[in-house]
Amino acid sequence: MQNQEETMIEVKNLVKKYGSFTAVNGIGFSVQKGEIFGLLGPNGAGKSTTLEMMVGLRKPDGGTAFIGGFDISRDLKKVKEVIGIQLQSTTLFELLTVEEILRLYASFYQKNVSIPELIEEMSLTEKTKSRIKTLSGGQKQRLAIALALVHDPWILFLDEPTTGLDPQARRTLWDIVLKLKEKGKTTVLTTHYMDEAHVLCDRIAIMDQGNLIALDTPSGLVKSLESDSAVEFQFEGEFLKDELESLNGVKQVGNRKDTYVLYTDDLQVTLISLIQLTSLKNLKLTDLQTRTSTLEDVFIHMTGRSLREE
Amino acid sequence: MKAYWQLTLSQLRIFLRNRQVLFWTLAFPIFLMVMLGSFLGNGTGISVSIGVVDQDQTMQSKEFFKVLANNDAIRLESSISEEKALDQVKKGDLQLVVIIPKGYEEMMKEKGNTESFEIPVYYNETNLAFSQVGLTIVSSVVDGISKEKANYTPSIVTDSRGVESLDLKYIDFLVPGILAMMIMSNNMNGVAGQIAAWRERGILRRMQGTTLKASTFIAAQITARLMLNGMQALIVLAVANLVFGISVNGSWLSLITFVILGTLAFMAIGFIIAGIAKTPESASPIAAFLSFPMLFLGGVFFPIRDMPDYLQPIVNVLPISHLSHALRETMNVGTPFMDLGSNALILGCWLVGAFIIASYTFKWE
């Protein structure tokens with residue numbers, strides 16, 4: 001572990017309850033300076049709730065967090081000075097221009113960065129005088145991040161920053177987040193996109209039903225599967241799980257709806273025995289594909305469910 | 001301080017750029033004022049329509065008609081047939097019919113006549129108040145003529161002088177009412193709708209994540225709305241002045257004070273509604289539920305004294321009653337502020353009470 005001064009965020013046993021439902025069940029982790037830390041999980045896992053407690057928008061029912069060295073339950077005002085937030089599905093004042101809203105938000109803080117430079121960094125220069133309602137989804141999201149940066153915060157909280165964006169806009173946003181890392185900012189983001197977590201995050205905490213079920217680097221998480229390859233297929237008719245598990249080289253079997261996934265270290269051996277089994281039983285395989293294991297598989301492996309359930 | 005100005009400026013920009021809202025919040029009061037003012041505005045306080053059937057058709061009978069016509073309070077119509085005139089009385093088109101029978105001139109010329117000549121007057125019993133006024137006027141005219149004929153010199157006369165030289169029409173009553181209505185709906189309905197919508201859309205939550213203080217946010221809201229209301233009130237007054245020649249008789253300072261008091265009181269009520277309403281869709285029906293009774297009971301269009309007695313206690317508590325009364329007194333009569341202290345006090349109570357409740361019911365999210 002790095003030394004204590006480098007720790008930007010220290011989350012201790014945070015709990016949030018809504019009636020009898022426990023949204024966040026005593027989670028804890030720490031984030032180092034300059035890190036991009038991902039909170040990953042399906043909808044309703046408690047990612048947003050955790051993030052909102054860390055930025056002071058929700059009061060924890062138990063535990064606390066230290067952000068930039070300040071206790072969120074005692075020094076919220078100090079915390080707010082050192083953090084910048086982008087919330088899920090927030091709309092802004094549609095009738096103001098990009099420049100006007102940045103000046104407005106800048107006025108809420110003591111310390112400010114140069115607004116024209118910030119607009120430039122977020123690739124919004126040509127939209128400086130445009131009203132917010134004329135911006136595209138990607139531009140709005142970049143503006144939301146610009147608003148989080150007006151006071152030059154140490155730590156950035158991004159709640160599902162790329163949800164609903166097209167692939168091009170997502171890539172642009174990733175570049176921005178990575179550039180901020182170069183500048184020494186610490187970032188905490190939530191996402192339910194595996195590829196995004198893989199590209200951006202230094203470390204990932206996987207959440208499910210309010211619990212922290214894994215915390216590691218992306219490659220560390222994939223390694224924990226102990227199998228590098230996955231075989232995915234669909235078939236018609238009943239199929240016994242036991243028979244699949246007994247195939248050569250198979251370490252684990254996952255399934256969701258009609259699709260089965262076999263995790264294996266020896267792709268060739270597993271494939272051969274799968275084909276043999278199906279021809280023996282006269283079963284018709286469809287949509288057969290092989291790939292390397294991803295974070296998605298890690299999640300399925302740990303919870304038995306998909307990240308994005310239809 | 002920087003945040004306060006930026007927020008005020010932003011709010012004003014949002015108002016001014018929302019052309020449609022800006023237009024309709026101004027167009028509605030002006031439209032209402034011009035419509036009602038044109039239809040009802042020109043009548044004097046009391047006007048009695050009297051039909052005269054001249055069966056005599058002589059110099060003397062025409063003289064009688066002329067004397068009646070000189071009276072400002074009555075509108076005179078000469079009818080040809082008695083039947084037609086009586087029919088009009090029944091319908092309510094005329095309040096009174098005076099018939100000058102044949103032989104009126106002959107009687108007037110006869111010097112030594114001691115027998116009194118009868119002039120029949122028919123009136124509508126269902127509208128007694130107006131008929132009584134008409135009867136009094138006709139009697140005094142007849143009295144005057146008969147005294148003149150008898151060469152009677154009165155030993156005692158009354159010397160009546162008008163105390164207030166105010167000639168108030170309905171439009172004078174209406175303009176301050178419209179002003180009060182505008183202040184109520186722009187603030188109560190406006191604040192409730194806007195805050196509820198901002199909360200729904202997460203705008204307030206995003207601001208809560210900054211170091212902005214709620215008090216700064218609310219202060220800026222108030223400032224922007226005061227400026228906007230002041231502007232709208234001035235436009236309405238200007239239109240009233242240009243179209244109907246209405247002017248402010250009292251002190252502008254006192255007028256402005258009441259505009260501010262009214263704005264604050266109704267804004268506070270708007271904040272309560274925004275706090276209670278779960279969605280922006282439910283905010284506007286709640287605001288409408290409160291504003292409609294106030295519109296009709298609160299002395300906006302009709303004088304409060306015309307309300308039934310059992311409603312008076314309710315009416316006298318409504319903030320709109322005091323706002324419209326104070327604005328009216330200031331504009332029409334020019335009553336000094338100190339004499340309107342009770343209105344200011346009651347509005348002040350609403351203001352303080354509503355802000356206290358609002359601070360408990362207000363939610364950022």
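# A tour of chains A and B

Begin by selecting chain B, which holds 14 helices and four strands; what you have open is a predicted model. With chain B still selected, consider its overall form: its radius of gyration is 29 Å, well over the 21 Å that the globule rule gives for 365 residues, so chain B is more spread out than a compact globule. If you turn it along its principal axes, the C-alpha trace spans about 100 × 40 × 40 Å.

Next, colour chain B by domain, taking residues 2–41 together with 167–361 as domain 1 and residues 48–149 as domain 2, as the domain assignment has them. The C-alpha centres of these two domains of chain B lie 50 Å apart. Across the 365 residues of chain B, 34% are buried, and among its contacts between residues at least 6 apart in sequence, 81% join residues at least 24 apart.

Now move to chain A, where you will find eleven helices and 14 strands. Along the principal axes, the C-alpha atoms of chain A fill a box of roughly 75 × 45 × 40 Å. Of its 310 residues, 41% count as buried, and for contacts in chain A with a separation of 6 or more, 69% are between residues 24 or more positions apart. Chain A can also be coloured in two parts, with domain 1 covering residues 4–218 and domain 2 covering residues 226–292; the C-alpha centres of domain 1 and domain 2 of chain A lie 40 Å apart.

## Where the chains touch

Show both chains together and look at the contacts between them, in which 21 residues of chain A meet 19 residues of chain B. On the chain A side, the elements that give two or more residues are α2 (76–82) and α3 (98–106). Which of the elements gives the most to this side of chain A? Select α3(A), which gives the most, with four residues. Coloured by residue class, the side of chain A that touches chain B divides into twelve nonpolar, four polar and five charged residues.

## An antiparallel sheet in chain A

Go next to the open sheet of four strands in chain A, whose order is β2-β1-β4-β5 and whose pairing is antiparallel. Its edge strands are β2 (21–32) and β5 (70–71), each of which pairs on one side only. Between them, select β1(A), residues 7–18, and β4(A), residues 62–67, which are joined in the antiparallel sense over five bridges; to see one of the partnerships, display A:K12 and its bridge partner in β4(A), A:T64.

From here, select helix α1(A), residues 47–54, which is mostly covered, with eight of its eight residues buried. Show the side chains and you will have A:K47, A:S48, A:T49, A:T50, A:L51, A:E52, A:M53 and A:M54 before you, and these are the buried residues of α1(A). Following the helix is A:G56, whose phi is positive, near 85 degrees.

## Strand β7 and its neighbours

Now centre the view on strand β7(A), residues 155–159, where five of the five residues are buried, so the strand is largely enclosed by the rest of the structure. In a regular strand the side chains alternate between the two faces of the sheet. Here, A:I155, A:F157 and A:D159 point one way from β7(A), while A:L156 and A:L158 point the other way, and all are buried.

Which strands lie alongside β7(A) in the parallel sense? One is β6(A), residues 83–86, which is joined to β7(A) by four bridges and runs parallel to it; A:I83 stands opposite A:I155. The other partner to select is β8(A), residues 186–191, which pairs with β7(A) in the parallel sense over five bridges, and in β8(A) the bridge partner of A:I155 is A:T186. Add helix α6(A), residues 167–182, to the selection, and you will have a right-handed β-α-β unit made of β7(A), α6(A) and β8(A).

## A hairpin to finish

For the last stop, select β9(A), residues 203–208, and β10(A), residues 211–216, which pair in the antiparallel sense over five bridges. Within this pair, A:M207 has A:L212 of β10(A) as its bridge partner. The two strands form a hairpin with two residues between them, and in the turn A:Q209 has a positive phi of about 50 degrees.

Definitions and conventions:
Residues are numbered from 1 along each chain as its sequence is written. Chains are lettered from A and ligands numbered from 1 in the order in which they are written. This is a predicted model: local features need pLDDT of at least 70, side-chain atom pairs count only at pLDDT 80 or more; totals for chains, interfaces and linings use all residues. Two residues are in contact if their C-beta atoms, placed from the backbone, lie within 7 Å. Ala, Val, Leu, Ile, Met, Phe, Trp, Tyr, Cys and Pro count as nonpolar, Asp, Glu, Lys and Arg as charged, and the others, Gly among them, as polar. The radius of gyration is taken over C-alpha atoms; the globule rule is 2.2 Å times the number of residues to the power 0.38. A residue is buried if 20 or more other C-beta atoms lie within 10 Å of its own, exposed if 12 or fewer, and partly exposed in between; C-beta atoms are placed from the backbone. Domain bounds come from an automatic or database domain assignment. Two strands pair if DSSP finds at least two bridges between them. A crossover is right-handed if, with the strands pointing away from the viewer, the path from the first strand over the helix to the second runs clockwise.
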